[in-house]
Amino acid sequence: MLKLGLAVPTRWSFRCRRLGMASIRGEARISVDKQKAAQLLKDEDQQEVEPDSQPSEDYPRIHRNESVLINHVIQEIQHRPLEVPTIIGDETVYTMDNQRVSCPHHLQTNLAHVYYANRKQIEAAIKSALSAQGTWSLVPIAQRLAIWRRAANIIEEDELRLRVFLMLTLSKTADDATRDIRRLLTALRANANYLEHLSELRFEIQGDMNVFPSFHLRPMDGFVAAIAPFESVALSTSLALCPALMGNTVLWNPSLEVAPVSYLIYKAFQEAGLPSGVINFVPANERLFLDTVTAAEHFAGLNTQASAASYRHMHKLVSDRLERYICFPRLVAECPGQNFHFVHASAKVESVVSATVQAAFGFAGQYANSLSRMYVPSSMWPRLRAELLEATEQLIVGDPVELETDMGAMVHMEDYRRMQKLLQRTENMEQLCGGRCDDTTGRFVYPTIVQVADPLDPLLCEPCCGPFLPVFVYSDESFSEALKLAANQSRYALSGSIFASRDEVILHCLNQLRMSASNLYVNERCTGSTNGLTPFGGNRLSGTNDKSGSAYFLMRWSSPLLIEETVDGAPPMHRSKRFP
């Protein structure tokens with residue numbers, strides 16, 4: 001049975017009642033192992049901090065001794081690039097298609113060689129997954145949970161090497177890389193806890209007392225394909241690991257840039273005891289991978305993060321082939337959003353500035369939930385503009401290995417080229433800062449803020465991957481019109497934030513914007529809190545909104561089985577003498 005902790009009324013629950021909305025308590029309300037939680041907090045408090053350095057907002061800066069170790073790992077990687085093979089069952093395959101992974105901030109540095117699978121090897125991985133399905137689906141939940149928890153401990157022990165790979169392959173700062181790994185570890189342990197609670201779910205018997213139902217979290221009939229993005233190792237791994245935790249077998253197709261770290265995590269799960277064939281590690285060309293897996297009759301599901309255009313292509317491909325499948329495949333996708341900050345005149349300027357800089361320019365604006373547009377009242381704009389520009393211009397763009405760096409390079413060449421064209425297109429607009437690119441050594445784009453005069457400008461409608469922020473300044477008297485504009489302007493609805501200090505304003509904004517974002521934050525950046533695990537997903541063209549990071553997401557990868565046992569025979573039917 002689900003064990004619920006003490007539900008203390010919060011400001012949000014009161015607001016929900018006033019809005020007429022049901023207040024759903026998240027998995028944070030489910031009781032967990034309090035000793036583990038306390039130990040985790042204790043471990044974080046005991047982390048060493050350099051005496052002469054200031055800690056970052058969420059995590060401490062690197063200790064001097066740790067910096068020496070990081071430099072040693074960097075030199076080791078540069079002298080001996082990681083070999084990332086295709087793994088099918090228990091067979092390691094080094095193909096002829098050798099893809100090179102280089103530093104986004106130093107393009108001449110080779111970090112890894114990823115061996116892409118061809119169509120024949122992808123088909124072999126499908127057979128391997130189907131062969132392992134029967135055995136893995138019968139493994140008791142307790143054993144699966146033990147594997148996940150052991151793997152989390154192994155990954156935690158190898159955290160330094162994983163962090164270095166994230167800094168080099170994805171150009172993440174030390175703080176960003178640390179948060180990514182912490183989020184991964186939190187997700188692994190939280191998902192294990194969620195499944196443990198779900199497995200205790202029991203039915204209350206309604207009616208006859210001689211009927212005994214039992215509920216089984218059965219996996220789906222077939223294999224699941226996971227196409228993982230580059231932006232986060234926590235997200236990349238969860239796309240493959242969540243279906244596997246629920247008893248499914250998976251083909252894991254990580255993007256090229258995140259493949260080295262994903263491979264190290266896969267090896268950790270092998271060391272933890274994950275049987276061969278449960279997860280087949282298949283780096284490959286995305287279009288080839290998608291075409292091959294969707295052609296298999298036992299294709300049962302797709303778990304991915306992609307652009308809206310890519311997801312439309314996936315959906316159409318599966319729909320066109322629907323008659324060949326033995327089941328209706330489940331398609332789960334998270335797509336980028338046109339994420340917003342809506343600022344009211346009652347907001348605190350300092351909070352808005354801090355949250356905006358972090359949300360717009362963290363990881364060079366490449367997260368799916370990075371800030372893409374901002375609405376500011378005219379009465380606040382002069383002061384907000386001055387402080388926002390001051391904070392943005394203080395950001396240091398460069399090599400993320402250096403401790404003083406705040407923002408690294410862009411990962412994808414295609415996104416870099418799009419940013420170049422966008423900056424050229426906005427040259428005649430009011431560029432407040434930035435506006436330049438530099439590819440001398442890496443793909444660097446400097447943080448850019450543009451003031452938009454036209455409320456219907458396309459910059460406020462379409463997602464943009466990069467450190468670029470359009471700002472629309474509205475008249476204080478036109479607050480309601482600006483709010484409607486923010487609510488209906490974009491076809492995307494991933495995340496958004498409201499900044500205000502008056503409760504009645506917050507309630508009104510929540511009511512108007514409730515369909516414009518699936519993750520709404522109040523006086524917090526639209527990328528959400530960096531501590532813990534926040535369920536995440538978008539509606540409209542921002543995905544299927546299955547809230548990864550929650551127990552609901554795990555249930556998405558289950559095909560529940562209900563078994564009803566009747567003791568002492570079936571009850572008699574009183575309406576007919578023919579069938580007693």
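Q: Why is helix α7 called largely enclosed by the rest of the structure?
A: Of its 25 residues, 21 are buried, where buried means under 20% relative accessible area, exposed over 50% and partly exposed in between, with a 1.4 Å probe and protein chains only. Helix α7 is therefore largely enclosed by the rest of the structure. The model is predicted: local features need pLDDT of at least 70, side-chain atom pairs count only at pLDDT 80 or more, and totals for chains, interfaces and linings use all residues. Residues are numbered from 1 along each chain as its sequence is written, and side-chain values use heavy atoms, with hydrogens and water left out.

Q: What makes the span of α7 close to the expected one?
A: Helix α7 (residues 174-198) reaches 36 Å from its first C-alpha to its last. The expected span is 1.5 Å times one less than the number of residues, and for the 25 residues of α7 it is 36 Å.

Q: How are the helices and strands of the protein identified, and how many are there?
A: Helices (H or I, at least four residues) and strands (E, at least two) are DSSP runs, numbered from the N terminus. The protein has 17 helices and 23 strands.

Q: Why is the contact between R149 and E196 called a salt bridge?
A: A salt bridge is a side-chain nitrogen of Lys or Arg within 4 Å of a carboxyl oxygen of Asp or Glu. The R149 and E196 side chains meet at 2.9 Å, N to O, so the pair qualifies under that limit. The structure holds 17 salt bridges.

Q: Which helices hold R149 and E196, and how many residues apart are they?
A: R149 belongs to helix α5 (residues 141-157) and E196 to helix α7, 47 residues apart, and the pair links distant parts of the chain.

Q: What makes R149 and E196 partly exposed?
A: The relative accessible area is 22% for R149 and 31% for E196. Both values fall between the cut-offs for buried and exposed, so both residues count as partly exposed.

Q: Where do R179 and D176 lie, and why are they called buried?
A: Both lie in helix α7, 3 residues apart, about one turn of the helix. Their side chains form a salt bridge (2.7 Å, N to O). R179 has a relative accessible area of 15% and D176 one of 9%, so each counts as buried.

Q: Which of D415 and R418 is buried and which is exposed?
A: D415, at 7% relative accessibility, counts as buried, whereas R418, at 54%, counts as exposed. Their side chains meet in a salt bridge (2.5 Å, N to O). The two are 3 residues apart in helix α14 (residues 413-425), about one helical turn.

Q: What makes strand β7 mostly covered?
A: In β7 (residues 223-228), 6 of its 6 residues are buried. F223, A225 and I227 point one way and V224, A226 and A228 the other way, and all are buried.

Q: How do you know that β7 and β8 pair?
A: Two strands pair if DSSP finds at least two bridges between them. β7 and β8 (residues 249-254) have 6 bridges and run in the parallel sense, so they pair. A225 stands opposite L251 in β8.

Q: Why is the crossover from β7 to β8 called right-handed?
A: A crossover is right-handed if, with the strands pointing away from the viewer, the path from the first strand over the helix to the second runs clockwise. The chain crosses from β7 through helix α8 (residues 233-245) to β8, and this β-α-β crossover is right-handed.

Q: Which strand joins β7 through 5 bridges?
A: Strand β10 (residues 299-305), which runs parallel to β7. In β10, N303 is the bridge partner of A226.

Q: Why are β1 and β4 said to stand at the edges?
A: Each has a single partner strand, so one side of each is left without a neighbour in the sheet. The open sheet has 3 strands in the order β1-β5-β4, with mixed pairing. β4 and β5 (residues 110-116) pair in the antiparallel sense over 6 bridges.
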